[in-house]
Amino acid sequence: MKRELKKKFVPASYKRDIFSRLYNFKQEELTVEEYTAEFEHLMMKCDLVEPEEQTIARYLGGLRSEIRNVVQLQPYWTFEDVCKLAVRVEKQSKDKSTHKTLGRDGVSNRGSAPTPKSSSTGQASSSKATPVQGGTSRNTSSTISKQCFKCRGFGHIASECPNRKIISLVEEANDEPVYDTYDDEENEVEQEEVTYGDQGKALVVQRILKFAHVEDDKWLMEDKSKAVTGEWSSYLSKSQFLQVMDRSSKTYALVLLEENEERGDIPPVVKSLLEEFRDVVSDEIPSGLPPMRDIQHHIDLVPGAAIPSKAAYRMSPKEHEEVQRQVDELLHKGLIRESLSPCVVPALLMPKKDGSWRMCIDSRAVNKITIKYRFPIPRLDDLLDQLHGASVFSKIDLRSGYHQIRMRPGDEWKTAFKTRDGLYEWLVMPFGLSNVPSTFMRLMNHVLKAFIVMLKKE
């Protein structure tokens, strides 16, 4: 069908004419962008498949000689590079021609050549310039080469600059600039009245709700039929509200919400559960080490890496007392022990929101030489997708969850930290180490795996 349609409607010489136009196509008066667009259009019509080098040669052959000669001297690799180079060369040539015309006329936007002071001097200069016909080009070139460094104009120097109206700066005791003043009324500028913002808190509600003052609640009883048009507020019925909504493209509503009172009492149903599982929801975790579970925290160091040994940070006496108090508390609970490890990092204190202090371990040096785990951390968007269709939600807030995971036996020396009084190492998983979130996620998935699968099925 396609072949028959071509025979009937496409002339026999169509293909030959297209190829002839492509081979004889020249830029001439076209711009580079127009030439490039027409060239690509002809290539598409001819359905020509050829090496890119041949296309580049055909494209360069149609460009004007002044553009082609510059483009051929530049490095290029693709046909697109050649097109971009041609556009840039054309733009530069246009800029150069514009600059030459400005210089030849001796006229600039910022300044101009000085005019003769009197008719007598003009006559003398004309009488002197008449016999010198052969040196016209030399005088013109010297005039063009002059440029004023004040107004940047051509044809004169700074001492002869006609543009003398410039700002003068005078040094005074207060070091403030003084500007030239003009007596003309046209040059006087009226100072606009400046409205400064209110001091203190910005009362947005007072600025938005500008309405006529009505005593008491008379506006509810007297003026129920008027709608809110933005000028002042009144009672608005449902139908009027819908009409205003239909007419306006944007609608803003100011809604006042009452804060819910925090109730410290626990519902009776929850109280019974807390009493039944008091050993599970205790205020503090029991002293001693947690049981050895299937998952412990491992610290695998890069082979051949230098073991870090950092000095303790300088602290004030009060900070040192706080650090020692927390260390003694951890020793009493059995979560740390004294150490002789060669791998040591310093401890420091960080303030909490309530004003107390949290002891932190600067484990950056150990993290640099630790082999990172690749256990997947859950994505937030995946977790939200799993909640689709759910109506009952609950959460588990583990108390000291990291401290309920044991260190792998033999890796305790890699967690050692230093205070002013000695070295200590962790027997449970501390904060601040690499791979700690992965270990905790592995344990949670291992412990709650059966319940997660059951909830997904339901």
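**Figure 1. Lining of the largest cavity in the predicted model.** The residues that line the largest cavity divide into eight nonpolar, two polar and one charged, in a model that is predicted. The lining is formed by Val345, Ile361, Ser363, Val366, Lys414, Thr415, Ala416, Trp426, Pro430, Phe431 and Leu433. With Lys counted as charged, the charged member of this lining is Lys414, while Ser363 and Thr415 are the two polar members. The volume of the largest cavity comes to about 60 Å³, and the structure holds one cavity of 30 Å³ or more.

**Figure 2. Surroundings of Leu423 in strand E5.** Leu423 is placed in strand E5, which covers residues 422–426, and Trp426, a residue of this strand, is also among the residues lining the largest cavity. Leu423 has a relative accessible area of 22% and is therefore partly exposed, since the buried class requires a value under 20%. Leaving aside residues up to four places away in sequence, Leu423 touches Arg337, Glu338, Ser339, Ser341 and Val344, together with Phe417 and Lys418. For one of these partners, Ser339, the C-alpha atom is separated from that of Leu423 by 5.3 Å, although the two residues are 84 residues apart along the chain.

**Figure 3. Gln296 in the loop between helices H12 and H13.** Gln296 lies in the loop that runs between helix H12 (268–276) and helix H13 (317–333). Despite this loop position, Gln296 counts as buried because its relative accessibility is 14%, a value under the 20% limit for that class. Its side chain reaches the backbone oxygen of Arg293 at a distance of 2.3 Å. When residues up to four places away in sequence are not counted, Gln296 touches Ile405, Arg406, Met407 and Arg408, and also Thr439.

**Figure 4. The protein chain as the setting for the close-up views.** The protein chain contains 17 helices and five strands, including helices H12 and H13 on either side of the loop that holds Gln296 and strand E5 with Leu423. Of the 458 residues in the protein chain, 23% are buried, and Gln296 is one of the residues that count as buried. The protein chain exposes about 36500 Å², of which carbon and sulfur atoms supply 54%. Among contacts between residues at least 6 apart in sequence, 63% join residues at least 24 apart; the contact between Leu423 and Ser339, residues that are 84 apart along the chain, is one example of such a pairing.

How values were computed: Residues numbered from 1 in each chain as written. Predicted model: local features only at pLDDT ≥ 70, side-chain atom pairs only at ≥ 80, totals over all residues. Heavy atoms only, no water. Helix = DSSP H or I, 4+ residues; strand = E, 2+ residues; numbered from the N terminus. Buried < 20%, exposed > 50% of the residue type's maximum accessible area, 1.4 Å probe, protein only. Polar contact = N/O pair within 3.5 Å; in protein donor to acceptor, adjacent residues only side chain to side chain. Contact = heavy atoms within 4.5 Å. Areas by Shrake-Rupley, 256 points an atom, 1.4 Å probe, with all protein chains shown as cover. 1 Å grid on protein atoms, 1.4 Å probe; cavity = no way out; pocket = protein on both sides within 12 Å on 5 of 7 lines; lining within 4 Å. Points joined across faces, edges and corners; volume = space filled by probe spheres on them.
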